[in-house]
Structure formats: structure tokens, C-alpha cells
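Trainee: Hey, got a minute to walk me through this one?
Mentor: Sure, pull it up and ask away.

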Amino acid sequence: MASIPLADTEPRRRFRSDVLHDWVTTVDHKKLGILYIASGIVFFVIGGLEATAMRIQLAVPENDFVSPEVFNRLFTMHGTTMVFLVGMPIITGFGNYLIPLMIGARDMAFPRLNAWGFWMFLFGGLLLYFSYLGSTGLYGAGSAPDVGWFAYTPLAGKAFSRGNATDYWILGIVVSGFGSLSGAVNMIATALTMRCEGMSLGRMPLFVWMMVIVSFMILVALPPLTAAQVMLLFDRFLGAHFFDTQAGGDAVLWQHFFWFFGHPEVYILMIPGFAYASEIIPVFSRKVIFGYSVMVGATVAIGFVSLSVWAHHMFAVGMGRGLNIWFATATMIVGIPTGMKLFNWLATMYGGRIRFRVPMLFCTAFLAQFLVAGLTGIMLAAVPFDWQVTDSYFVVAHFHFVLIGGLVCTIFGAIYYWFPKMSGRMLDERLGRWHFWLFVIGFNVTFLTMHGQGLLGMPRRIYTYPADRGWEIWNLVTSLGVVLQIAGVLFFVYAVIKALRSGEPAGDDPWDAWTLEWSTSSPPPDYNFDEAPVVRSRRPLWDLKHPDDPDWKYE
Amino acid sequence: MTAPIDGQGNATAWSRGEVGTLLLILAETSFFAIFIVGYLFYIGKSLSGPYPADVLELPVVATICLLSSSVTVVVAVRALEADRRGAFLAGIFATVLLGGGFLAATALEWRKLIVDDGLMISTNLFGTTFYSLVGFHAAHVTVGLLLLALVGVLGVLGFVRKEHATRVDLLSWYWHFVDVVWIAVFTVVYVVGV
């Protein structure tokens, strides 16, 4: 045929449709990882705008920026988005991208399952957001879900939530949950069966260890949410009575089922943050991680204990003394392995030659902010104190310190740290510093003060408040912090665009790091490694760079 | 499939297919556990009849079918490993038949409950929890049955050979899991619950 010689002599032009086709049909763990992270960031902006709308509404008393109905939809969509469409995909994305590279493999164990999982996640998220248009249904009632991100029954039952908004909440999360489940199966199978020669379990990077533990937690904790949501769906569509108090059902059972997922979920989101910090802090302190095996053990301990703390979300329900004491004690016990980790990171930094580049700045802020989150967590575990502040802004401040002060800060650190590997370009250090300082100061202005209106008794999820409660100044300051946070995120977006257009080339190993992903090119080729690496210690690149003083002599 | 290599360059005990299947079973176990907890929690809490003791009969035939199908599927896998095609096909189709028998027995039971006893998923808490738990189990049996039937048809056409034994073995693991769930369902619904 005449066209064949043409194809042989010059490489085919890359049309934009080819690039699109590549990304849509890819089964490569690196591309899927980037797709997960990028979609997570898009949803992060959407969820952030929802939060901004709420803070505008609450900035001054008796405000009329949004109606009560819209406000209910905003906090429901904000919470659901941030947990299921931001946190989950970003942790799955980093796991996808990094686990094969860190253990010297060429892809995940099940590449096609991996692609399936990503698209399930994305379309689950789109299904949730389609509710704004589609959930009116036959009833002419409702828009987006407005029952809160934990959708307590009987509010979420058919009698009190007409229309299909709550059904979109159920189905969107169930569908995107298949993405998380298949990602978890994939990460464990990859780490357990595809390690390169010499990469024993005891030499796996802490990142991989922690993602394996998180994946086990996903497999144990996420199916119960699916099961409970299916029960709710049966109640709503088939007239079943799982949570129908009129027919002898128990609305509190929903709370137990939801939080049996919901509390482990907090650790599912937070442990990946620990994983990023455990890779970044040693590299920028120029020391090996302090207490490698203790870190692994502490993570396993958190995984186990986190399965028996769920009802500390329900102290105000009236479970009785015995259960309250059990769950309070279990909750406080989680503080022990978590505290051990904090000390290990500090001990890693202690005496190190610390380089405060942007990833390290974010991890340092994480240490301080996560400590605050942990301390208020212990306070909330004390039942009498919890009774005083339950469902108040003190609780809101507490979990935003965990999820923003802890997780989001480590995610930003991870993006600055691994972006050069993923794109081959450095993120601008100056822009990064602006991002860091604006975001961290803004975050603390918003959420440190939020403890204040919580202690003054302001309940969460109210769309406005009267002017005589002494909450005005607190709310105004809280809302003003948002401006700084948005400014910080804008610097981040600008830094990413600038880096992709004209960023300084990163080279293979810009941070002088020690794990295997830095031994290949940036971005890595499709097959990751020219030849399968052979590992003799926990820091294979250190051994390579210092043949005179390799780690394996001491481990 | 090549033998997987562990960090020391030794063949490990587990292949990625085995690990993946076990993890699927872990997630499914967690899913069923919630329905079983729900069932146990609502025993004796129905406000109106029919009650389990009035309408449930021990599903002896269904149980015999399903439990023995776990044996026949092992026979099929062993035969395939030994490259004995006739025994493999006999084992697979015996499994499909026994699984089909289980589903038929369940269908007859549900027909009696719905038509004769008037028990629907919306009738009372017993109906709600019974049809959800037993129904999800039956759905898993159906999925396993379709996969086994697919293996059987491909086997008749000559596409399933000795080197596929590890994969058929993984399917048999799933089938055993469905069996074990039935033991739990049987205990909870037909023994504890009546």
C-alpha cells in the first residue's frame, strides 16, 4: 500500500486527538496516577468554592448571600466532595504513581483494573454533581443532596428527603467507591508480589508500607458504607424498613454503620499524609528516618485501633455509660501510636542539616498543625467535654485541622516534592514560598479562631445567626482567613502553569533523594526502569552514590 | 503465569492473582458482615407477621447442593491440573448443575414466601433483612455460576487447557467463599433467627 513508506520515513504527527486518546485509554500507572491527582485537584477547587460561599454567608450575622436550602446543599456537597472526590483520589493517585516506582516494578499488578477504577471514581463524582441538574426527578423537589455528608436517618429517608437528591448521594459514592476498592486491591497486590530483587518487606519505603496498610483499611471499612447505603436505597425505593422507626427499624443503626466506615476513613485519609511526610522529612533533614520499624508498627496499630473507635462520633446519642467509656478509651489509645510517629519525625529532624525547601516547609507546618488536631482530638474523646461542644464549630475546627492542617499540607508538600518527577520540571521555589506562607497563615487564621466560636456555643450547619451572641468577630476573622488561603492556592495554580510552560528542567534526582523513583528519568519512561533494579538496603540510591559507605553495611 | 519473585529472589507463596482474589474476598466479607449484623440486630423486632418461625423451613436441598458443589469444583480444578479433560468438564458442569439447583430451591422458597405467606421486602423487618441478606448471597451465587458456566462452555470448545488451571482455581476460591457465606447465612437466618 502506498501509505506505508510515508509512515516509515517520518514519525506520525501527534494530533491533539492522539494525546486525548492516549490519556483516555491508558492503563499506565503513572498516567492514571496523574489523572487521579488532577481530578482530585479540580474537585478540590470546586469544594473550596463551596466552602467560600458558606464563609461569605457566615461572615456577618443575618446575612442573605445564600438561602437556607442552598446552604444545606453547600455543606453537604463540600463535605462529600472533600472526602470522596478530593482525599480519596489524591491518595490513590500518589499510591498509583509511586508504588511501582518505589519497589522497582514496571506497572501495577492489575493495570486494566486500575484504569477501570479511575473511570468509576470520575463518573461517580460526575454522577454526584449531576444531581444539581438531574435530581429534581418526578417530584419537583430538591436539587443537590442536602442531608449532610453523613446523611443521618430518618432525615435521609424517603419521608423527609423527597426527590432524588439523596439517591444521587448514595449512588455517586457507591460508584466512586469501586475506584477506591480496586485501587486498594491493586496497591496491596503490587507491593506484595512485584518487588524487585532485594526489596524485602523490611526494605520497602515507609510510603509503600503505609499505603499497604491504608489499602487494607479501605477493604475492611469501605464495603460497610456500601452495604449501609444499599440498605438506605432499599428503604427509599423498595419500602424496606432498615432505618424506618415507624416499622421498628433503628435510625441509630445507620449512625453505627456509617461511622464504622467514617472513622477509619479519617485514618485512611491521614495515613497517606504520614506516608508523604515519612519520605520528605528524612530527605530534607539529610538523615535516615528515625525508627523505621516503629513507624511501621505504629501504623499497623493505628489501623487496628481505628476500627474500634467509631462511636466517639455518637457520644451525644445516648449509648449508655459502658459504650461511652469503651469508645473514649479506644480513642485515646489511638493517640499513643500517633504520638510515637510525631516524635519519630521530630527525632529525624533533630540534629539533621535541614533544608527548608517548599516540601519541607509544608511538612513542618503539618507537624505543628497535626499536633493541635491531635490534642483537640484527645479533648473530644473525653465524653463530658464532648457533650459540651458536640456538633459545634469546635468539632469543625478539630477535623479541619486534621484534614487541612494535616492532610492537605502534606499533599501540597508531596506535590512540590514529586512534581519534578512527574513532569520533569521544577515548581518555582519563590512562588511556592508565597503559596506556603499565604496558605498556612490563612488556614490558621480561619481554623484557630474557629475553635473560639465553637467554645462560645455556635452550632455547625446553621445558615446564619443573630448579632447578639458574641460570635460576630470570630466569624468575620474566620471568613477573612479564606481570602489568604485562596491567594495561596492561586500562587500554587500559577506555579504549576508556569512550570509546565517554562519550568526549569528537574533532572533525575533534584532533591538528592534515596528511593528508587529518583533513579530513573523525569518523567520516567513507560517501562519505568531500563533494567530491573537490585536493592541491598532501605536507601538504594544512597548506596549507589556512596559505594564507599553503603547503608547495607549497617542495617 | 510465571512464579512471582520476592525480595530475596525466591519464588513467593502468592501470585498477584491469588492476592487479588483474597483481597476481593476480604472486601466481600466486610460487605456481608454488615448485612449479617443487621439481620442479627433485627431478629424478633418485627412489629407484625409473618415471623420467621411461622414461614421458614430448613433449606436442606439447597444447602446440600451448594456445599457439595464446592467438592465438585475442586474435582474439576484437580482434573484440569492433571490434564484430564473429561473429568474437568464433568466437574465443572456438575458444579453448575448443583449451583443451579441451589438457585432453583431458593426461587421456590421465595415463591412460597411471597405468594403463600405474603412476605415482601416491605412487609416487616424480617422481610427487609431476609430478602436483602439472602438476595445478596443468591446474587453472588449467580455471578459465580455464570463464570463457571463460561469456563465450562470454553472448556467444551477446547479453549481451557492445563496452563489455565491456576485461573480456574481462583474462580473456585470465590466459589468456596460464596459457600462459606451460605454457612453463615444458614446459621443466622435458619438456626439463630427462628
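Trainee: Is α8(A) mostly covered or not, and how many of its residues are buried?
Mentor: α8(A) is mostly covered, with 31 of its 35 residues buried. Buried means 20 or more other C-beta atoms, placed from the backbone, within 10 Å of a residue's own. Helices are DSSP runs (H or I, at least four residues), numbered from the N terminus. Bear in mind that this is a predicted model, where local features need pLDDT of at least 70, side-chain atom pairs count only at pLDDT 80 or more, and totals for chains, interfaces and linings use all residues. Residues are numbered from 1 along each chain as its sequence is written, while chains are lettered from A and ligands numbered from 1 in the order in which they are written.

Trainee: Where is the kink in α8(A) centred?
Mentor: On Trp259(A), and the kink is about 30°. That bend is the angle between axes fitted to the seven residues ending there and the seven starting there.

Trainee: And what happens just after α8(A)?
Mentor: Arg286(A) takes a positive phi of about 55° there.

Trainee: New topic: what is Val208(A) in contact with?
Mentor: Leaving aside neighbours within four places in sequence, Val208(A) is in contact with Ile99(A), Met102(A), Ile103(A) and Ala191(A). Contact means C-beta atoms, placed from the backbone, within 7 Å.

Trainee: How many residues does each chain put into the contact between A and B?
Mentor: Chain A puts in 35 residues and chain B 31 residues.

Trainee: Which helix gives the most on the chain A side?
Mentor: α7(A), with 10 residues.

Methods: Helix = DSSP H or I, 4+ residues; strand = E, 2+ residues; numbered from the N terminus. Buried ≥ 20, exposed ≤ 12 C-beta atoms within 10 Å, placed from the backbone. Contact = placed C-beta atoms within 7 Å.
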